[in-house]
Amino acid sequence: MSRATVPPVATFGPPRLTAGFSEYGRLDLLAHEDVHGELEWLSVDGLIKLAEEMQLKGKGGAGFPFARKVRAVLDSARKQALAPVVVVNATEGEPASWKDKVLLTRAPHLILDGAAMVAYALDADEIVIGVADDGIGEASLAAALAERQMPVPTGIVTVPHRFISGEGGALVKGINGEAHIPPGVKKRASDSGVAGMPTLLSNAETYAQLAIAARLGPYEYAAVGTDDEPGTVLLTVTGAAARPAVVECPAGTPLADILRLCEVPEGPGVLTGGYHGRWITAEAAAKAVISRKGFAAVNGTLGAGIMIPLGQDTCPLGEVAQVVQYLAGESAGQCGPCRLGLPDLARSVDLIVAGTAAADVVRAAAGAVRGRGACSHPDGTSRFATSAMEVFAEDLAAHATRDGCGRRVKGVLGLPASPETVSSSRLTVDWSRCDGHGLCAHVVPEFIRLDGNGFPSFPPTPVPTWLEAGARKAVRMCPALALRLTDPK
C-alpha cells in the first residue's frame, strides 16, 4: 500500500473515534462539534481521575498507564518549579501502521481536543505535535489548528519518516534540534524532555481517546469493551486482506470477526502488533480477542494495533527476511547489538530462506542482542524473528531442503515501496580464483563468514545498503580478485 494513500475506514460496532466519517469524510471544526459536541475542561485532579476510571493506557504500543504519566509530570514540574510541555506523538514511524494517519487526516480535532485538555489541566507552557515528513496528515492538522484557539501555543514539528524516529526519546531529541534517534540511555521525559522541561508525551490516538471519554464520562465510555480494557481500539489490517482497512472495534471483539470483515483468506499465520510484535498461527488467530490480555493468551501482542495476515500463496520466511533486513537498516547504529547484532540476525534469517541454516541459528543471533540494546529496537526485532521460527515450522522444513516452499515473496508486510535499506547488488565468488584467504570475512563480518574449510559463505540475497560500502571494500581488497559485487539489473 502506498504511503500516499490512507486506507479506508471500517467499523465493527458503534463508531466513536471514527464517528461522522461516513457523513463528513474529514471533520472540520463545525462538523467535529456537530458530531462530538463541546469539550469539557478538567482540572488536573479531574484529568487523573478520568484517566484512571477509563483505564487509559498508551496506544502507541507500550501500553503505559496515562494517569501515571500525568502524575510523574505533575510531580516533576512542582519539584523543579517549571511549567510542563505536552507532546503528541503522531509520527507513526512504522510503515505497516495507519491508524494515527487516519486520525490526522480525518479527525484532527479529536487529537487537538485531547492535547488541549491535558495542557489546560497541567497549566503547560506549550503543545508540540510531532508528525512524519511523508506529507500525510500535516496539512490537515495545520488546517485544524487554524480553525480553533488552543489554550497554549501549539506547534507542529516534522521528523524523518523512519522506524526509530517515532520512539519517544527520539521524538524529544528531534524536537530539541538533535538527531532523530533514541537517546541511548534511559531518560524520563517527565523529568527532562523538550527544552529540558518536564514533558508529557503520548500517542495521537491516546489523546483522541481521552477527548472521547471526557464527553462520554468513564461509565458510558466503558459501555463497550472489556472490564480490563474499556472502549474501542483502532486496528490496521492489511496483508492478505481483500479489503484492507483501519478498523474501529470494541476491545474484546474476536479477531476472527475483524479478519472476516476485511475478507482475509485462510493462511499460515498473522503478524500481531507490527514489526516489534509477534506472529501467531491461524489456529491462535481463530481464538484471539482484541485486547492486550486476549493476545497475550495466544502468545501474540496488540502493540499499536497492527494485524497483518498472510495468504497461502505467500512465502512467510521470505517476507520475514525482508522485514528483518529493513529493521537492521533502521538501527540508530549507536550500540553494538544494533550495529553488529541486527545485521547478523538479518543474515541468519536469509540463510534460513536459502536453506543453508537451521532455526537455532536465528535463535542464537536473536539471543545475542536481546536485552542488550540502548533502546527496545533489538528486543522487538528479535521477538519478530524468533516468533516466526515458532509459527512457520512447516515452512522451515520446506526451506531446509534448499528447494524452498514454492511460494512467492510478495512484499505484503507493509514495507515502503522502495525500501532504502535494500539494494539489488549481490556478492558473488569466482571459485576458480578463490584461495580462501579469508580477508573478506574480516572486512565485512556482518555479511560474510568463513565456512568449515575457510572459504567465504554468505546468503544469496542482495547486500543491505548499509553494508554496501564494506562489501565494495572487500571486493577491492580480495588478493585473488575472486570477489565480485554485481547488479542483476
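**Exercise 1. In which helix is the place of Asp 395?** Work out as well whether Asp 395 is buried or exposed.

Solution. Keep in mind that you're looking at a predicted model.
- Start with the secondary structure: Asp 395 sits in helix H18, which covers residues 393-400.
- Next, check accessibility. The relative accessibility of Asp 395 is 5%, and the cut-off for buried is under 20%, so Asp 395 counts as buried.
- Finally, look at what surrounds Asp 395. Leaving out residues up to four places away in sequence, Asp 395 touches Pro 316, Leu 317, Cys 405 and Arg 407.

**Exercise 2. Trace the sheet of six strands and find its edges.**

Solution.
- Walk across the strands: the order is S1-S7-S6-S10-S8-S9, the sheet is open, and the pairing is mixed.
- Now pick out the ends. S1 (9-11) and S9 (278-281) each have a single partner strand, so one side of each has no neighbour in the sheet.
- For the twist, neighbouring strands here are turned by 25° against each other on average, ignoring direction.
- Zoom in on one pair: S8 (residues 269-272) and S9 run antiparallel and are joined by four bridges. Gly 269, for one, has Thr 281 in S9 as its bridge partner.
- Then add the helix: H17 (residues 377-391) lies across S8 and S9, at about 15° to S9.

**Exercise 3. Do the same for the sheet of four strands, then place helix H5 on it.**

Solution.
- This open sheet reads S4-S3-S2-S5, with parallel pairing.
- S4 (154-159) and S5 (199-203) are the edge strands; each has a single partner, so one side of each is left without a neighbour in the sheet.
- The average turn between neighbouring strands is 20°, direction ignored.
- Take S2 (residues 85-90) and S3 (residues 126-132): they pair in the parallel sense over six bridges. Val 86 finds its bridge partner in Ile 127 of S3.
- Helix H5 (residues 99-106) packs on this sheet and touches S2, S3 and S5, with a direction at about 110° to that of S2.

**Exercise 4. Describe how H2 packs against H6.**

Solution.
- What do you need? Two packed helices are described by the angle between their axes and the distance between the axes.
- For H2 (residues 29-36) and H6 (residues 108-122), the angle is about 75° and the axes are 9 Å apart.
- An angle of 65 to 115 degrees counts as roughly perpendicular, so that's the label for H2 against H6.
- At the contact, Leu 29, His 32 and His 36 from H2 meet His 109, Leu 110 and Asp 113 from H6. Sorted by class, that's two nonpolar, three polar and one charged residues.

**Exercise 5. Classify the ring pairs Phe 66 with Tyr 207 and Trp 279 with Phe 392.**

Solution.
- Searching the whole structure gives nine aromatic pairs.
- The ring centres of Phe 66 and Tyr 207 are 6.2 Å apart with planes at 80°, so call this pair edge-to-face.
- Phe 66 belongs to H4 (residues 66-80) and Tyr 207 to H9 (residues 204-216), so the pair ties together parts 141 residues apart in sequence.
- Phe 66 is buried at 1% relative accessible area, and Tyr 207 is buried at 0%.
- For Trp 279 and Phe 392, the centres are 5.1 Å apart and the planes at 70°, so this pair is edge-to-face too.
- Trp 279 is in S9 and Phe 392 in the loop between H17 and H18, so parts 113 residues apart in sequence are tied together.
- Both Trp 279 and Phe 392 are buried.
- Ring pairs also link Phe 163, Tyr 275, Trp 279, Tyr 326, Phe 384 and Phe 392 into a cluster.

Technical notes:
Residues are numbered from 1 along each chain as its sequence is written. This is a predicted model: local features need pLDDT of at least 70, side-chain atom pairs count only at pLDDT 80 or more; totals for chains, interfaces and linings use all residues. Side-chain values use heavy atoms; hydrogens and water are left out. Two strands pair if DSSP finds at least two bridges between them. Helices (H or I, at least four residues) and strands (E, at least two) are DSSP runs, numbered from the N terminus. Axes are lines fitted to C-alpha atoms, for helices over the stretch in contact, and angles run from 0 to 180 degrees between N-to-C directions. Contact means heavy atoms within 4.5 Å. Angles under 35 degrees count as roughly parallel, over 145 as roughly antiparallel, 65 to 115 as roughly perpendicular and the rest as oblique. Ala, Val, Leu, Ile, Met, Phe, Trp, Tyr, Cys and Pro count as nonpolar, Asp, Glu, Lys and Arg as charged, and the others, Gly among them, as polar. Buried means under 20% relative accessible area, exposed over 50%, partly exposed in between (1.4 Å probe, protein chains only). Rings of Phe, Tyr and Trp (its six-membered ring) pair if their centres lie within 6.5 Å; planes under 30 degrees apart count as stacked, over 60 as edge-to-face and the rest as tilted.
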